[in-house]
Amino acid sequence: MIDDCGLRPGDSVDRLKGVGDARSRQLGAVGIHTVGDLLFHLPLRWEDRRRIVSVEGIQENGSAIAVRGRVTGMVSRRARRRGLTILEAVFEDPTGQMPVIWFNPRGIEKRLSQAETIVLFGVPKAAPRGGLQMINPEVEVVDDSDRWVGTLVSVYPTLGSIGGPFLRRLIRAALAALENLQDPLPKAVARGLDLPDLRTALRSLHRPAPDIDERGVEMLVGRRSPAHLRLAFDELLAFSLGLAQRREQRRVDPGPRCVVNDAIRRRAVSMLPFQLTNAQRRVLKEIAADLEAGPAMARLLQGDVGSGKTVVAAMAMLIALENGHQVLMMAPTELLAEQHRAGFERLFQETPWTPELLSGSVGTAQRRKILTGLADATCPFVVGTHALIQDAVDLANLGLVVIDEQHRFGTVQRQALMGKGVSPHLLVMTATPIPRSLALTLYGDLDLSVIDEMPPGRRPVRTEIRDDGAREKLYRFLCSEVENGGRIFVVYPLIEASESLDARAVTEYAEEVRRALPDLRVEVLHGRMDSGDRDAVLQAFRSGEVQVILATTVIEVGIDVPEATVMVIESAERFGLSQLHQLRGRVGRGMRQSWCVVMVGEGASEAAKQRLARFADTPDGFALAEADLEMRGPGELAGNRQWGPSNFRFADPVIHHDVVVWARSVARDLSDNGQLPIVAEALSRYHQTEFEILVG
Ligand code: ADP
Ligand code: MG
């Protein structure tokens, strides 16, 4: 408990007034150990307390206001519910009176009884006996040192058991340490990008200038103020530099040795059931060059749904296998893993290699056999789900890991895999059309290959938007499609939080569809089914025995049935653009004209309808991703983000997409002029450098 003079960011929080042992333990438990940690705990929002309203002028419109005056009467009582104290008071200013109630008013009674003039800050609500009242308003005693009225007040997210107002007081005290805060960014860089220095940035977030204008407030709220950009930039730069360092490291580590000779080339050509597209050929060349180069490959293979990534991966696996290495492919779902295994079995028919399946659905005996085979290298070729890693698979000789449509492949997971052999080659495949500029940064430690061409003969899927009024017509259309040899997916969105409820909703909906399509066989597919049943349904759909699959989004990724020609998406407004595009990608894989019917629910908003119209007009996944970036406002559902590291504290790849690009270019400059290690070190004092990454 020393005075503030000479306070440093590195000092322990217990140097601050009001932080004793207990508080300091509480803060430590939520990761706040130093004064600097407090400085980087940013406000969640800002409240404008610059305008004082008179009691007479109060309106009930849901927004918080400030009133200034005094308390004339107070009664405190205990409610019958145990532990609850209620303090009732009358507030007055020269224009009128208003009742105020506090529940469990810790210390407020004492403060009120000693204060002459106070400011209350809260939301006025209709009182049961008429008129307006305030419940649990914040109290400021006007002649206190602790004054906020007349400012834009920062509101902090609660940390564990530590409340926002306490944090605000604490952080205000911590601001004294800004004097001693060293800026981790070289001055020239910040100036070049027109970003404020770190001190200014932090100060203006915690205590915005009192004369900040409306536009300034808007930028704060939208997390696009100069201060926000500065913090996002630092974090993205720390991230980019971390990636660059990892990439350097990998250049040094030797990867499994591979050569591509004529025998392998001949075998590859004889296996392929079709000619590769130019894009597939180009990408395969890039991969083959990586495999031969020495250091372990780390490549992201990006290609729109249906562009034919699987066969490219198969060729990469062939090379590794022919060179005596084990190969491993991971898929996000059992369904997809089994589809890949079956596909590879056909493709590798004439070779000595047979893929084995390792997923949750494989019986114990079979699993044990495969695990043993992996450990002693008698089992060289395995396709499976994440269970592969979780089961702590031991591999004798891992040469190549392929990760298909992976939603999450963080550093942690990658390392878990890498630990299984000597830095195996890594190929990550995604259909998520991340704009290239962002991909280069967000996956900066991976090299990027793009398949930007569709296999020949594909006709673009026709997308139509319909509502409930068109249901009869839709069912007639579905019947005629099946008569002409087509097959149909109907996707039903997840609505309930619980999977079992969803499964039930889907089953009920299936009854309706069955009644409407009495001559067709309709089967349901959802995440709760056991894998045997799921495979059976999919198999029957492939063979044509079942003509309609009604599914929750388990079919979203990867499912490949060329005969499927119609994708009906129910309540499509509930899906994000990228997800819709993934779903649409399930059809249009054969030679026949395919359709995507977007059913709009009754409750869809105007904005949602516009989004769907954009989807219908945009066949290309990359263009759609750009549109997504553009259209995704603050109103969009949270958790809808489809890519990027999941654990940034300050940066958001969508809100700060331009900053992502700056960070990449600065990282490159720093690397070129040898400053990378110094800046990385300086940034790592405030920012982490390891992230989990989301794709898909
Ligand atoms: P995705 O890139 O979405 O994973 P797939 O690898 O599943 O796409 O391929 C989609 C479909 O296109 C598969 O049926 C596959 O056999 C077929 N295909 C892939 N490449 C070609 C090609 N060069 N010519 C013709 N068909 C191809
Ligand atoms: Mg695929």
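**Sheet pairing and the ligand site**

Trainee: In this predicted model, which residue of strand 16 stands opposite leucine 301?
Mentor: Strand 10 covers residues 298-303 and pairs with strand 16 in the parallel sense over five bridges. Within this pairing, glutamine 302 faces valine 450. Opposite leucine 301, strand 16 places serine 449.

Trainee: What is the strand order of the open sheet?
Mentor: The sheet has seven strands with parallel pairing. Its edge strands, each pairing on one side only, are strand 12 (356-358) and strand 16 (447-451). The twist from one strand to the next averages 20°. The order is 12-13-11-14-15-10-16.

Trainee: Is strand 16 largely enclosed by the rest of the structure or largely open?
Mentor: Strand 16 is an edge strand and pairs on one side only. Nevertheless, four of its five residues are buried, so strand 16 is largely enclosed.

Trainee: What angle does the direction of helix 12 make with that of strand 13?
Mentor: Helix 12 (residues 334-347) packs on the sheet. It touches strand 11 (326-330), strand 12, strand 13 (381-384) and strand 14 (398-404). With the direction of strand 13, that of helix 12 makes an angle of about 150°.

Trainee: How much of the area that ligand 1 exposes when taken alone does the protein bury?
Mentor: Ligand 1 is surrounded by 17 residues, with Gly306, Lys309, Thr310, Arg458 and Asp560 the closest. An oxygen atom of ligand 1 lies 2.6 Å from a backbone N or O atom of glycine 306, and a polar side-chain atom of aspartate 560 is 2.8 Å from an oxygen atom of the ligand. Taken alone, ligand 1 exposes 570 Å², of which the protein buries 84%.

Note on methods. Residues numbered from 1 in each chain as written. Chains lettered and ligands numbered in written order. Predicted model: local features only at pLDDT ≥ 70, side-chain atom pairs only at ≥ 80, totals over all residues. Heavy atoms only, no water. Pairing = 2+ DSSP bridges. Helix = DSSP H or I, 4+ residues; strand = E, 2+ residues; numbered from the N terminus. Axes fitted to C-alpha atoms, helices over the stretch in contact; angles between N-to-C directions. Contact = heavy atoms within 4.5 Å. Buried < 20%, exposed > 50% of the residue type's maximum accessible area, 1.4 Å probe, protein only. Near = heavy atom within 4 Å. Polar contact = N/O pair within 3.5 Å; in protein donor to acceptor, adjacent residues only side chain to side chain. Areas by Shrake-Rupley, 256 points an atom, 1.4 Å probe, with all protein chains shown as cover.
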